[in-house]
Amino acid sequence: MHAELEVHFRDSAAKALLDPQLRANFRRAMDGLMAKRKAQFPDPADLQDLRDLSTAIRSRSLLNLPDLLEQFEANCTKNGIRVHWAETCEEANELILGILQSKGAKTLVKGKSMVSEEMHLNAFLEQHGIEALESDLGEYIIQLDGETPSHIIMPAIHKNKDQIARQFSQKIKDAKYTEDVDELTAMARKVLRQKFLDADAGLSGVNFAVAETGTLCLVENEGNGRMSTHVPPLHIAVMGLEKVVARLEDVAPLYAILTRSATGQAVSTYFNLITGPRGTGEKDGPQDVHLVILDNGRSRIYADPQLRATLRCIRCGACMNHCPVYTRVGGHAYEAVYPGPIGKILTPQMEGVGVRHDLIHGSSLCGACGEVCPVEIPIPEILVRLRREATHTDAGSQVAGKGTGRTRTEDWAWRLWAGLLKRPRLYRLAAWFATRFGKALPAGAPLIQNWTRTRTKPVPARRSLQERMRSEAQSGGTRHD
Amino acid sequence: MTDATTSSAASSSARAAILSRLRAAGGGGPLPPLDVTVLERRQWPARERMERLRKGMEAVHTEFLEATPGNWTAVARAFCDREGLKNLLYGPGSEAGARLAADWAADRGAGQGAGGTQLMPYDRPVEAFKDELFNGVDAGFTGTVGGVAETGGLLLMPDAAEPRLMSLVPPIHLALLRASTIQDSFWSAVKALGWGRRLPPNALMISGPSKTADIEQTLAYGVHGPKRLIVILVDDLELA
Ligand code: SF4
């Protein structure tokens, strides 16, 4: 039991709410993303059919997960992709370091990968003298400032043009100050093309892993993913173990709903299918391709029939774009790798429901996330379930940190309540006191102030229901049965 | 090499532990059925497929050059001349590349298009000319194995004859597309091309020039890959 819990989200959300620049940046971006998504789904029946199909595909993948992973691994190996497995982020980091060191690699260019964020790979490699450079423009922008992504698809969404203009003029050599987006993009292009050319290795994530062919699918607009995976002599891919899908044709609807849900695009600029290193006779492409499959709590999530739905996620970000909380506080307030609704259910399951109970409760349960999720993950229901897990130790539950969110005060309050309910006389006495003197309790009293800080203090009825019933029965009034 | 050995031992024990946990959790329950009617609905007649593809790709700044089976090499050359391209990277071993080179050479022999754009063969491993590829090439020419009507998109299968970086590194990508090879959707293309059975080390779909919206949601083209994508659209529908 925790005497005191760390509360990150409430405090950082409160701070974020006071930053008008941040709020304007998110409001504008989220409004745009919602409108663009809506335009991509003009026919609600068609959208529902596509969601049902996508949900079924992801559910089937999970039902067959161990078999599919083995089939996928066997096909990758046949194709010449070296497959590695890691239970924890530390193991995955060590694996990648080992691969880089065995090739004498000193510089790594990275395509966007949330799993590598989960691993805090950049910091780890830097400690070992390897430069890890983000090449997705958004990731590059935040890396220049030593920040973390505030959105899983658009990592630099919290920044506006002026902020980026100032940053580029300070941090990029020989850069002049400009607020022209094309010029800013051209500056980054110039720096990064040289890096692609010189890099010893490239790293990418994986959007879908195809079991039947042993293929890694990458979705992107910029081309930095293709640069990172085809230009350097070594390509390392990292993926969560849930990413595998049985057939390539199953990927087609997932891809169609991913880009539409994410950025309101019917299609991304590139859909890149990697099925092996440079083949015989090929003149380019990496000589070596390695793949690291990461667990990091996923197999534990998998063990629970209800929570398993969490792993259907295709990381489109639609749930955050539509979340009234995320839109107001932004991604950094969550102090987690995955922000927004998906982060609220994923982070506590990975790090423990007790230590991250702040996330589980930081939701109004309005249901917008579940409504837009392309794979119909019941995020609100899962949040409610995790709220229970945080304070209970149900037998059979494998939820990380179950019961550790119960505070002493909470425990004491429940005990008191249970004690009162078991003793009718005592209960009546307490009710009598509450109805007569409850009004006199100051709003700022300890415990009560947690409620009254943002709400008016409730005023108890002058008499309890029991008292009223009794007196009405005595006076022969209306019967209530 | 101790690092690599220990990590591989760690990897195989991680593998065993992960798979056994997943198996212990149990699959359970019948597989939900897959109803693909939503995908089958996406079908158009050949001519409409061509128009849809073009509309979809033009919306993301792809440019189109209209051509016929007989004149596409001339159309390509006229474009290169018009743009004043210094050179054009091509794959001499590919069918489209060989035809391009043969026709250009014949034109030159006939006294047309002297000077102008030089054809530059991609005939050695990239390591031999990486710097030149990044800094000295104006455009790359590739064929395609098909197109996607629903959203707009070109399907490419780079190989020894037409390497991967030709469609990525030069600032202009010139791609040849025959209208008869345009499929309804990515889903139907995967099935028609048999990609689920066999895939080369790299295959891809391209819908436009490289772009980003990472700065304030403002679209900017040519961020890492080509700044322009030019499709030479060969109308071979009457023949097919
Ligand atoms: S939970 Fe659903 S909406 Fe959110 S990122 Fe994942 S797939 Fe997208």
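**Entry 1: strands in chain B.** I began with β5 (residues 146-148) and β6 (residues 154-156) of chain B, which pair in the antiparallel sense over 2 bridges. Looking for one residue pair within this, I found that G146(B) has L155(B) as its bridge partner in β6(B). I keep in mind throughout that this is a predicted model.

**Entry 2: the sheet across the chains.** I then followed the sheet outward and noted an open sheet of 8 strands with mixed pairing, in the order β8(A)-β5(A)-β6(A)-β9(A)-β9(B)-β6(B)-β5(B)-β8(B). I asked myself which strands stand at the edges. They are β8 (244-245) of chain A and β8 (182-183) of chain B, and each has a single partner strand, so one side of each is left without a neighbour in the sheet. Where the chains meet, strand β9 (residues 270-274) of chain A pairs with β9(B) in the antiparallel sense over 5 bridges, and there I could place L273(A) opposite its bridge partner A203(B). As a reminder to myself, strands of a sheet pair through backbone hydrogen bonds, either parallel or antiparallel.

**Entry 3: the contact of chain B with chain A.** I next looked up how many residues each chain gives to the contact, and noted 84 residues from chain B and 97 residues from chain A. The area buried between the two chains is about 7800 Å², and carbon and sulfur atoms give 59% of it. On the side of chain B, R164(B), I215(B) and H224(B) lose the most area to chain A, together 11% of what that side buries.

**Entry 4: polar pairs and elements at the interface.** Across the interface of chain B and chain A I noted 44 residue pairs in polar contact, with both residues at pLDDT 80 or more. Several elements of chain B give two or more residues to the side that touches chain A, including α1 (2-25), α7 (186-192) and β9 (202-206). Of these, α1(B) gives the most, with 12 residues. I also wrote down how the residues of this side of chain B divide, namely into 42 nonpolar, 21 polar and 21 charged.

**Entry 5: salt bridges.** I count 13 salt bridges between chain B and chain A, and 47 over all chains of the structure. One that I checked between the chains joins E87(A) to R21(B), with the closest N and O atoms 2.5 Å apart. Within chain A, I looked at D288(A) and K103(A), whose closest N and O atoms are 3.1 Å apart. D288(A) lies in strand β10 (residues 288-294) and K103(A) in the loop between α5 (89-102) and β2 (107-110) of chain A, so the pair ties together parts that are 185 residues apart in sequence.

**Entry 6: the ligand.** Last, I listed what surrounds the ligand, and found residues of chain A, among them C313(A), C316(A), C319(A), C373(A) and R315(A). The shell around the ligand divides into 10 nonpolar residues, 1 polar and 1 charged.

Technical notes: Residues are numbered from 1 along each chain as its sequence is written. Chains are lettered from A and ligands numbered from 1 in the order in which they are written. This is a predicted model: local features need pLDDT of at least 70, side-chain atom pairs count only at pLDDT 80 or more; totals for chains, interfaces and linings use all residues. Side-chain values use heavy atoms; hydrogens and water are left out. A residue is near a molecule or strand if one of its heavy atoms lies within 4 Å of it. Ala, Val, Leu, Ile, Met, Phe, Trp, Tyr, Cys and Pro count as nonpolar, Asp, Glu, Lys and Arg as charged, and the others, Gly among them, as polar. Contact means heavy atoms within 4.5 Å. Buried area is the accessible area (1.4 Å probe) that two parts lose on being put together, summed over both. A salt bridge is a side-chain nitrogen of Lys or Arg within 4 Å of a carboxyl oxygen of Asp or Glu. A polar contact is a pair of N or O atoms within 3.5 Å; within protein, one must be able to donate a hydrogen and the other to accept it, and residues adjacent in sequence count only if both atoms are side-chain atoms. Helices (H or I, at least four residues) and strands (E, at least two) are DSSP runs, numbered from the N terminus. Two strands pair if DSSP finds at least two bridges between them.
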